[in-house]
Amino acid sequence: MVKVVYKPGDLVFAKVRGYAPWPAKITDIKDKGPKAKFHVFFYGTYESAILKHNELYPFNNANLREFVNKNHFRKNYTKGIADLLTNPDLAPGPKANPLPGDLDDLETIISTPGSQNATDDASSTANSNVGTPSGNVSASPMPRKPYKISDGTPTKRPAVPADPQKAMSAPTPGRRQSQRSSKDEPNTLTSPTQAFSTPQTSSRSGRVIKQKRFGYEDGASNKQEAGSNVMRADSQIDDPRKIWVKRKSTGDMIEISLDKEKPAVWQSERHKLSWNMAAAHNAMKLKKAVELGQFIPEELIQELKAKTELTEEEKQDLRRAAQLKIRREKLAWLRREDEMLETDFKIKKALQFQNPDIEEGVKLLQKLLQLEVESFMLVKNPQFFDTLLKLKRYNGPKLDPKQPNPTRPEKEKRHIESIQTMADTMSKKVMALFTLKKAHTPQSFFDFIQERNAEFLEKTKNMQEQKRLLLTEMPN
């Protein structure tokens with residue numbers, strides 16, 4: 001097998017022990033030959049690692065289909081694939097090398113089931129049917145070598161009842177009874193069940209060697225199995241639950257599902273109880289809001305959209321639903337903006353000049369990378385990008401000049417390098433939000449953001465401060 005040769009800028013799947021192969025970019029290569037160390041940057045999580053050659057996989061269509069089908073449900077996995085395909089230069093280091101031209105669309109891969117499994121199932125089914133007799137003809141039993149007992153006379157195995165309950169209730173033969181029954185046993189097989197039954201042999205002294213008991217043969221094991229069945233039943237999800245709500249204004253009955261966000265499996269009985277109690281509480285609140293017309297369920301919206309002729313009341317419901325959707329989206333936007341500014345403040349506080357907490361700064365930057373920042377958030381708050389520019393040049397706390405040969409600990413050096421890398425990644429991510437007519441350096445982009453901010457302040461100079469802060473887009 002030809003060994004793949006990687007170079008800086010290659011886009012790959014990188015495998016860290018305990019994690020799935022993740023979309024990544026090779027940012028640097030240290031050493032050469034079998035001891036080469038590959039520095040990789042992971043898309044989606046914005047972390048980095050140093051891996052070996054056998055922990056990397058080429059980013060081709062075959063690996064893309066295999067890994068995405070297995071891991072698309074993992075957090076940030078599809079986000080990482082999308083970042084790699086749409087904006088690979090988000091990662092630090094050299095410019096990303098071009099991808100193969102035969103890659104499938106990400107949504108197509110996730111929505112299309114794997115054809116390999118279906119082919120394997122079909123082939124295995126076909127193979128299992130080959131040579132299978134039809135009608136009432138039964139296959140002849142496979143010949144088995146007989147066991148020997150104390151007198152050296154060969155004998156066949158005694159049959160065990162096919163019904164487990166009979167096997168559990170059948171008495172265990174004693175020593176004399178076992179010896180007598182084994183000698184009187186016929187030498188021919190009467191059914192295929194006897195050919196594959198559990199053997200019961202005797203030692204040289206005539207003592208019966210009892211076979212290992214299974215769950216249905218032992219009372220204690222039976223109890224244990226019953227207990228495990230109870231635990232499995234507790235972890236199962238019940239049938240979907242729905243409620244019917246009658247609107248007072250129109251008299252329509254609306255069916256609402258209560259299990260849309262139900263977990264796939266219960267972690268414990270306490271988890272199940274708490275979720276059901278919260279669902280019941282929310283159902284009562286939802287029922288009251290629907291009856292009063294304060295909330296329009298999604299089921300009703302889809303039903304109204306399917307109608308060709310709507311009454312005035314139904315048209316009003318659709319308008320109200322659209323307004324509620326806009327409010328929810330605006331509230332989510334403002335919450336993300338608030339989280340961005342709060343994280344920016346905490347980073348400045350953690351990396352202050354005196355006694356900085358570098359480790360806390362690394363954690364806050366990792367949290368910031370996961371946040372969905374939008375372009376207008378930067379137009380309103382240009383100081384956020386200024387913080388990123390300063391973090392790219394961050395060199396850590398000042399060393400004590402009184403100490404001879406002052407040096408930084410290795411852990412502190414790694415944290416400082418991580419801060420610089422993540423700040424560079426975040427600045428590239430932010431710059432990609434804008435459609436620019438010409439290429440910008442980080443400093444010239446900051447000047448561009450300040451110009452947009454001045455334009456925003458000019459348009460809103462006659463607006464109240466509270467209203468200006470609640471804007472989510474540039475006013476006309």
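I took buried to mean under 20% relative accessible area. The model is predicted.

**Entry 1: the F385 pair**

I applied that cut-off to F385 and F445. Both F385 and F445 are buried. I had picked them out of the aromatic pairs, of which the structure holds 14. Next I looked up the ring geometry. A pair of aromatic rings is described by the distance of the centres and the angle of the planes. For F385 and F445 the centres lie 5.0 Å apart and the planes meet at 65 degrees, an edge-to-face pair. Then I placed the two rings along the chain. F385 belongs to helix 14, residues 383-392. F445 belongs to helix 16, residues 442-459. The two residues are 60 apart, and the pair links distant parts of the chain.

Which residues form one aromatic cluster with F385 and F445? I found F434, F446 and F448 in it.

**Entry 2: the Y6 pair**

I went back to the aromatic pairs and their total of 14. Y6 and F38 have ring centres 6.1 Å apart and planes at 85 degrees, so I logged this pair as edge-to-face. Y6 sits in the segment before strand 1 and F38 in strand 3, so the pair ties together parts 32 residues apart in sequence. Are Y6 and F38 buried or exposed? I found Y6 buried, and F38 buried too.

**Entry 3: the strands around F38**

F38 led me to strand 3, so I checked its pairing. Strand 3 covers residues 37-42 and pairs with strand 2 over 6 bridges, in the antiparallel sense. K37 in strand 3 stands opposite K30. Strands 2 and 3 form a hairpin, with 6 residues between them. In the turn, D31 has a positive phi of about 65 degrees.

I then followed strand 2, residues 22-30, to its pairing with strand 1. Strand 1 covers residues 11-14, and this pairing is antiparallel as well, over 4 bridges. Which residue in strand 2 is the bridge partner of A14? I read off W22.

**Entry 4: the whole chain**

I closed with the totals. The secondary structure comes to 17 helices and 11 strands. The protein chain has 476 residues, and buried ones make up 30% of them. I also looked up contacts between residues at least 6 apart in sequence. Of these, 60% join residues at least 24 apart. The accessible surface comes to about 32200 Å². Carbon and sulfur atoms account for 52% of that surface.

Note on methods
Residues are numbered from 1 along each chain as its sequence is written. This is a predicted model: local features need pLDDT of at least 70, side-chain atom pairs count only at pLDDT 80 or more; totals for chains, interfaces and linings use all residues. Side-chain values use heavy atoms; hydrogens and water are left out. Two strands pair if DSSP finds at least two bridges between them. Buried means under 20% relative accessible area, exposed over 50%, partly exposed in between (1.4 Å probe, protein chains only). Contact means heavy atoms within 4.5 Å. Accessible areas come from the Shrake-Rupley method with a 1.4 Å probe; for residues, only the protein chains shown count as cover. Rings of Phe, Tyr and Trp (its six-membered ring) pair if their centres lie within 6.5 Å; planes under 30 degrees apart count as stacked, over 60 as edge-to-face and the rest as tilted.
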